[in-house]
Amino acid sequence: MSYTNTKTLRFEEAERNPLVLIDMATLKSMLDNVIGNALQKVNFKGADLKNGESLNENPDLMDMEEALKFLKVSKVTIHNWKKKGIIKSHKMGRKLYFKRSELLEAIKRQKYSLNII
């Protein structure tokens, strides 16, 4: 059975016959769609994937080194605070980022809880 038009090929038939011939233009169109969708999901400009903020556009975001200097603590302390839920981090790719506003809020919460005790 030969298929000259892949658009008429039904899904069930494609499962039975996994080898399907398609023309180069159709293949290019399919690849353009798949790659285009994948590139839209990954923003190479350092976007926060959760809320679309860009590192360049938002000075509120700090990387680990900036957070260490800002809080004046060690990397171990930051990781411990993350585990305890004292501060939040945002992962983009393989790097961790922190929002300055969230770090300030965490500091205020900790100072307030220490004053009560």
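## Close-ups of a predicted model

In strand β3, Y97 is the bridge partner of H90. That pairing belongs to a predicted model, and the legends below work outwards from it.

**View 1. The β2-β3 hairpin, seen at its bridges and its turn.** Strand β3 covers residues 95-99 and runs antiparallel to β2, with 3 bridges joining the two. Besides the H90 and Y97 pair, look for M92, which stands opposite K95 in β3. The two strands make a hairpin with 2 residues between them. In that turn sits G93, with a positive phi of about 70 degrees.

**View 2. The whole sheet, with its three strands in order.** Step back a little and the hairpin becomes part of an open sheet of 3 strands, ordered β1-β3-β2, with antiparallel pairing. Why do β1 and β2 each have one side without a neighbour in the sheet? Both stand at the edges, β1 as residues 61-63 and β2 as residues 90-92, and each has a single partner strand, so one side stays free of a neighbour. From one strand to the next, the twist averages 40 degrees. On the β1 side, 3 bridges hold the antiparallel pairing with β3, and L61 is found opposite K99 of β3. As a general reminder, sheet strands pair through backbone hydrogen bonds, in either a parallel or an antiparallel way.

**View 3. F98, a buried residue of β3.** Strand β3 is mostly covered, with 4 of its 5 residues buried. F98 has its place in this strand, and its relative accessible area is 0%, so it counts as buried. Which residues does F98 touch, leaving aside its neighbours within four places in sequence? The list takes in D60, L61, M62, D63, M64, A67, I78, K82, I87, K88, S89 and L103. One of these, A67, is 31 residues away from F98 in sequence, yet the two C-alpha atoms are 6.9 Å apart in space.

**View 4. K95, in the same strand as F98 but partly exposed.** K95 lies in strand β3, as F98 does. Its relative accessible area is 43%, which makes K95 partly exposed. Once neighbours within four places in sequence are set aside, K95 is in contact with D63 and H90. M64 is worth picking out here too: it is 31 residues from K95 along the chain, and their C-alpha atoms are separated by 8.1 Å.

**View 5. Helix α3 against the sheet and against α4.** Helix α3, residues 64-71, lies across β1 and β3 and runs at about 100 degrees to β1. Its other partner in this view is α4: the axes of the two helices come within 10 Å and cross at roughly 95 degrees. That crossing makes α3 roughly perpendicular to α4. On the α3 side the contact uses M64, E65, A67, L68 and L71, and these meet K75, I78, H79 and W81 of α4. Sorted by class, that contact has 6 nonpolar, 1 polar and 2 charged residues. Two of the names return from View 3, since A67 and I78 are both in contact with F98.

**View 6. K72, in the loop between the two helices.** Where does K72 sit? It is found in the loop between α3 and α4. K72 has a positive phi of about 60 degrees although it is not a glycine. In general, most residues other than glycine have a negative phi. With 74% relative accessibility, K72 counts as exposed.

**View 7. The chain as a whole, and where to be careful.** The chain has 5 helices and 3 strands, and from the N terminus on they run α-α-β-α-α-β-β-α. Of its 117 residues, 21% count as buried. Among contacts between residues at least 6 apart in sequence, 41% join residues at least 24 apart. Mean pLDDT for the chain is 75, and 62% of the residues reach 70 or more. Among the elements, helix α4 (residues 75-84) has the highest mean pLDDT, 93, and helix α1 (residues 11-16) has the lowest, 63. Two stretches call for care: pLDDT stays under 50 over residues 44-50, and again over residues 52-56. The model has 15 contacts beyond four places in sequence for residues 44-50, and 14 for residues 52-56. Where pLDDT is low, predicted coordinates should not be read in detail.

Methods
Residues are numbered from 1 along each chain as its sequence is written. This is a predicted model: local features need pLDDT of at least 70, side-chain atom pairs count only at pLDDT 80 or more; totals for chains, interfaces and linings use all residues. Side-chain values use heavy atoms; hydrogens and water are left out. pLDDT is the predictor's confidence in each residue, from 0 to 100. Contact means heavy atoms within 4.5 Å. Two strands pair if DSSP finds at least two bridges between them. Axes are lines fitted to C-alpha atoms, for helices over the stretch in contact, and angles run from 0 to 180 degrees between N-to-C directions. Buried means under 20% relative accessible area, exposed over 50%, partly exposed in between (1.4 Å probe, protein chains only). Angles under 35 degrees count as roughly parallel, over 145 as roughly antiparallel, 65 to 115 as roughly perpendicular and the rest as oblique. Ala, Val, Leu, Ile, Met, Phe, Trp, Tyr, Cys and Pro count as nonpolar, Asp, Glu, Lys and Arg as charged, and the others, Gly among them, as polar.
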